[in-house]
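Good morning, colleagues. I should like to take you through one protein model today, beginning with its sheet and ending with its core.

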Amino acid sequence: MKYRLMDLLACPIDKTFPLKLIVLRESEASVHSAAGGPCELYCGRLAREVKPSDTPEALGCSTCMKTEVEEGVLYCTTCSRWYPILEGIPRLLPDQLRDREEDLKFLRRFKDRLPREVVEEGRPYNLSGGKEKPQR
Ligand SMILES: [Zn+2]
Ligand SMILES: [Zn+2]
C-alpha cells in the first residue's frame, strides 16, 4: 500500500482515524501514479495531520504516492487492534475473519521491531499469553 492510503484508512471496528502506521519494509513503487493527489487530512509518512498552510511541495507527498509499504502494522489507539500489512496489502479484517495462527506467526516474526502495545497488548491476538511471554 502507498503511504497515501493512510489518508483514507480507518479502523473497521470503531472507525478511528488516522491509524498509527509502523513500517517494517518499504519499496519504491514500480508504477508512479499521481492518483488522489497529495495527502489531504493526514500524511502517514510524516505521521501528522495536514494543516491548511501546508503546500504539497512542503509535505513531500509525491513520495507518499510512490512509496509502497510492503510490510508493516496499522494500529488503532482506540481499540488496541493491530492489522498486518502483507505484501503491500493492508488486511483490515474484523476479528472473526482473522487467522489466529497467521497473526501469531506475523507477530513472532517481527516482535523485535514492533512496539510492546502491539506485541503484548494488541488485539485480537498478541504474544503475552503463556510461555510466549518475552522474558525481560
Ligand atoms: Zn503525505
Ligand atoms: Zn479500533
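In what sense, and over how many bridges, do β4 and β5 pair? The two strands pair in the antiparallel sense, over 4 bridges. One of the residue pairs involved is Y75, whose bridge partner in β5 is W82. The connection between β4 and β5 is a hairpin with 6 residues between the strands, and S80 in that turn has a positive phi of about 65°.

Before I continue, a word on the source of these coordinates. This is a predicted model. The mean pLDDT of the protein is 91, and 90% of its residues reach 70 or more. Among the elements, confidence is highest in β5, at a mean of 98, and lowest in helix α1, residues 56–59, at 86.

Let me now place that hairpin in its wider setting. The protein contains 4 helices and 6 strands. Read from the N terminus, the elements follow the order β-β-β-α-α-β-β-β-α-α. An open sheet is formed by 4 strands, in the order β1-β4-β5-β6, with antiparallel pairing. Strands β1 (20–28) and β6 (89–90) stand at the edges with a single partner strand each, so one side of each has no neighbour in the sheet.

We can follow the pairings across the sheet. β1 and β4 pair over 8 bridges, in the antiparallel sense; S27, for example, has E68 in β4 as its bridge partner. Beyond the β4 and β5 pairing already described, β5, residues 82–86, pairs with β6 over 2 bridges, also in the antiparallel sense. Here I85 stands opposite P90 in β6. β5 and β6 likewise form a hairpin, with 2 residues between them, and E87 in this turn has a positive phi of about 50°.

I turn next to burial. Of the 136 residues of the protein, 25% count as buried. In β5, by contrast, 4 of the 5 residues are buried, and the strand is mostly covered.

Which residues have the most contacts inside the largest nonpolar core? They are V73, L74, Y75, W82 and V118, in a core of 22 residues. Two or more residues of this core come from each of α2 (61–66), β4 (67–75), β5, α3 (100–110) and α4 (116–119). The largest share, 4 residues, comes from β4. As general background, nonpolar side chains in soluble globular proteins tend to be buried together.

Y75 deserves a closer look. Leaving aside residues up to four places away in sequence, Y75 touches L19, K20, I22, W82 and V118. W82 is thus both a contact of Y75 and its bridge partner in β5.

Contacts across the sequence can be put in figures for the whole protein. Among contacts between residues at least 6 apart in sequence, 60% join residues at least 24 apart. A separate example of two residues brought together from distant parts of the chain is F110, in helix α3, and L24: they are 86 residues apart along the chain, while 8.1 Å separates their C-alpha atoms.

Is F110 itself buried, partly exposed or exposed? F110 is partly exposed, because 18 other C-beta atoms lie within 10 Å, and a residue counts as buried at 20 or more.

To close, I would draw your attention back to β4, which pairs with β1 and with β5 and gives the core its largest share of residues. Thank you.

Methods. Residues numbered from 1 in each chain as written. Chains lettered and ligands numbered in written order. Predicted model: local features only at pLDDT ≥ 70, side-chain atom pairs only at ≥ 80, totals over all residues. Pairing = 2+ DSSP bridges. Buried ≥ 20, exposed ≤ 12 C-beta atoms within 10 Å, placed from the backbone. Contact = placed C-beta atoms within 7 Å. Core = buried A, V, L, I, M, F, W, Y, C linked by C-beta atoms within 7 Å. pLDDT = per-residue confidence, 0-100.
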